[in-house]
Amino acid sequence: MIHIMILDDHPLVRQGIRTIVSSSPFIHVLGEAANTKAALQLLEQSTPDLVLVDLNLGSENGLDAIQEVRRAGHNCKFMILTSSITRSELLLAQSQQIEGICLKEAFPEDLLYAIEV
């Protein structure tokens with residue numbers, strides 16, 4: 001079983017991701033957060049295997065959120081979910097040793113495969 005957390009500022013996007021991943025018997029959503037502060041609060045309660053992080057969290061940057069979670073001492077893996085990514089963001093994400101990047105427009109099967117791999 002893969003335990004995940006969803007970090008995205010849009011409630012409908014979080015709901016859509018939850019619906020997609022809940023269709024897999026191998027994935028369990030531990031929680032959802034709209035921002036870094038909420039994510040850190042959830043991480044105090046449980047540690048997911050993987051955090052799905054939106055690159056654009058409204059006034060926050062998903063890559064900054066990942067750094068903040070790591071600085072707080074939480075040991076989990078991260079996957080970026082985004083509708084677009086620039087070359088500089090891609091290079092920065094790679095330097096942060098994330099597990100992968102998945103486009104939000106990908107088919108649900110692609111997201112499930114990326115998580116399970």
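**Cavity, pocket and nonpolar cores**

The structure holds 1 cavity of 30 Å³ or more (on a 1 Å grid over the protein atoms alone, a set of points where a 1.4 Å probe fits but cannot get out, with lining residues having an atom within 4 Å of a point). The model is predicted, with local features needing pLDDT of at least 70 and side-chain atom pairs counted only at pLDDT 80 or more, while totals for chains, interfaces and linings use all residues. Residues are numbered from 1 along each chain as its sequence is written, and side-chain values use heavy atoms, leaving out hydrogens and water.

The largest cavity encloses about 30 Å³ and is lined by Met5, Leu30, Gly31, Leu42, Ser46 and Pro48. This lining comprises 4 nonpolar, 2 polar and no charged residues.

The largest pocket (an open set with protein on both sides within 12 Å along at least five of seven lines) contains about 200 Å³ of space. Its lining has 8 nonpolar, 1 polar and 3 charged residues. Strand E7 (100–103) is among the elements that supply at least two lining residues, and the largest share, 3 residues, comes from E7.

The largest nonpolar core (buried residues, under 20% relative accessible area, joined through side-chain atoms within 4.5 Å) has 19 residues, with Leu7, Val51, Val53, Ile66, Phe78 and Ile80 having the most contacts inside it. Helix H3 (62–71) is one of the elements supplying at least two residues of this core, and the largest share, 4 residues, comes from H3. Another core, of 15 residues, lies apart from it and includes Ile2, Ile27, Leu50 and Leu52.

Conventions: Points joined across faces, edges and corners; volume = space filled by probe spheres on them. Nonpolar A, V, L, I, M, F, W, Y, C, P; charged D, E, K, R; others polar. Buried < 20%, exposed > 50% of the residue type's maximum accessible area, 1.4 Å probe, protein only.
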